[in-house]
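User: I am a first-year student, and I would like a close look at a single part of this structure. Please take me through it slowly.

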Amino acid sequence: MRRPEIKNPDFKTEESLLLKQDFNELITENRNLKKLLLKKKTELEILQNQFSRLENLAAIGANGATVAHELNNPLTIICVEADEILDFLQEKTISPDVLELSAQNIKNSSQRMRSIINHFQTHCNETADKPLRRQNLTEIIKKSVALIKPQLEHKNIIISLNLQKDLPEIWGERSKLESILQNLLLNAMDAFLTITDKRQKQIFVTGKVQDNLLRITIRDTGSGISQGLRKQIFTPFFSTKKHRGTGLGLAIVAGYVKEHDGQIHLNSEVNAWTEFILQFPLERRNGHTHENSGS
Ligand SMILES: Nc1ncnc2c1ncn2[C@@H]1O[C@H](COP(=O)(O)OP(=O)(O)O)[C@@H](O)[C@H]1O
Ligand SMILES: [Mg+2]
């Protein structure tokens, strides 16, 4: 007897349903994996960013311990002064003069802490890796000068620009080049802090191409820098300005100049003048990421 043919009309449907189900599960799993991957990628980027910040701290020659030490000094002064005020208040023997001195010390120390933190915050923002672009130094110099112009006028300091026409653009990061210029200009302005004679307070900024290098010079007729100090001024936290200075400016400048394959030179005559000369190559060595669009 012929066996009746077993029809399984549902088999295919069932199989395809199962397959469909598997497929949908795979898609959901894939989506979840993608989400997880994205999350991990973001976490990794954050870590990388933090790591590069630490590296950049090292790039200016500072480390966590030095930073902590530099923040700890003014913090100690704040605590000591606050304690003294409290003691005096308890004994009710405080004279306005002593109170004023303590308050001034607290203010100076807090200001120093704030400027150290501000410097680092700016430095951390600037050090996030950005592609190099062609940068117009004429624009950057003019912008940096415009920023401090009101302060210069207030202090009777005359600034003169002598920039070669059509100064060629260089490869670089705008925020770092701005930081270099601003730090050097601020230092030139501060070079008159201790000047009490009647000299002409002047800052000259020149820009030209020489020997296939872009040369920017910032010269002031201020206090000058002694031979002994010249070795120390690029060290992080070295400052002769007491609570006014962080001593981070030139360390950051030196780091950024190096990153731009540039060089910084210093000439000075004590109590007469100082000039910082920046030299940048017009073209970069290989191995740098370039982006062809303008700034
Ligand atoms: N143009 C200048 N003229 C005289 N001294 C300068 C000049 N530029 C820098 N210096 C010296 O270098 C030191 C370090 O400068 P910097 O790193 O910018 O720190 P800061 O300005 O906070 O003191 C200054 O305290 C100062 O003694
Ligand atoms: Mg400075």
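Which residues in H5 meet which residues in H7?

Analyst: This is a predicted model, and it helps to place the two helices in the chain before turning to their contact. The protein chain holds seven helices and seven strands, and from the N terminus on its elements run α-α-α-β-α-β-β-α-β-β-α-α-β-β. Of its 295 residues, 21% count as buried. Among contacts between residues at least 6 apart in sequence, 77% join residues at least 24 apart.

Now to the contact itself. On the side of H5, the residues that take part are Lys176, Ser179, Ile180, Asn183, Leu184, Leu186 and Asn187, and in H7 they meet Gly249, Leu250, Ile252, Val253, Tyr256, Val257 and Glu259. Sorted by character, the residues of this contact divide into eight nonpolar, four polar and two charged.

The geometry can be put into words as well. Two packed helices are described by the angle between their axes and by the distance between those axes. Here the axes of H5 and H7 come within 9 Å and cross at roughly 145 degrees, and H5 passes H7 in a left-handed crossing.

The same pair of helices also has a part in the surroundings of ligand 1, as H5, which spans 174-190, and H7, which spans 249-259, each supply at least two residues of the shell around this ligand. The largest share of that shell, four residues, comes from H5. Of the 22 residues around ligand 1, those that come nearest are Asn187, Ser239, Gly245, Gly249 and Leu250. Asn187 of H5 and both Gly249 and Leu250 of H7 also belong to the contact of the two helices, and with this in mind you can look for these three residues on the model when you turn from one helix to the other. The shell around ligand 1 divides into eight nonpolar, eleven polar and three charged residues.

For a view of another part of the chain, consider strand E2, residues 158-163, which is hardly covered, since the count of buried residues among its six residues is zero. Six bridges join E2 to strand E4, residues 202-210, and the two strands run parallel; one of the pairings places isoleucine 159 opposite its bridge partner in E4, isoleucine 203.

Technical notes:
Residues are numbered from 1 along each chain as its sequence is written. Chains are lettered from A and ligands numbered from 1 in the order in which they are written. This is a predicted model: local features need pLDDT of at least 70, side-chain atom pairs count only at pLDDT 80 or more; totals for chains, interfaces and linings use all residues. A residue is near a molecule or strand if its C-beta atom, placed from the backbone, lies within 6 Å of it. Ala, Val, Leu, Ile, Met, Phe, Trp, Tyr, Cys and Pro count as nonpolar, Asp, Glu, Lys and Arg as charged, and the others, Gly among them, as polar. A residue is buried if 20 or more other C-beta atoms lie within 10 Å of its own, exposed if 12 or fewer, and partly exposed in between; C-beta atoms are placed from the backbone. Two residues are in contact if their C-beta atoms, placed from the backbone, lie within 7 Å. Axes are lines fitted to C-alpha atoms, for helices over the stretch in contact, and angles run from 0 to 180 degrees between N-to-C directions. A crossing is left-handed if the near helix is turned anticlockwise from the far one by less than a right angle, and right-handed if clockwise. Two strands pair if DSSP finds at least two bridges between them.
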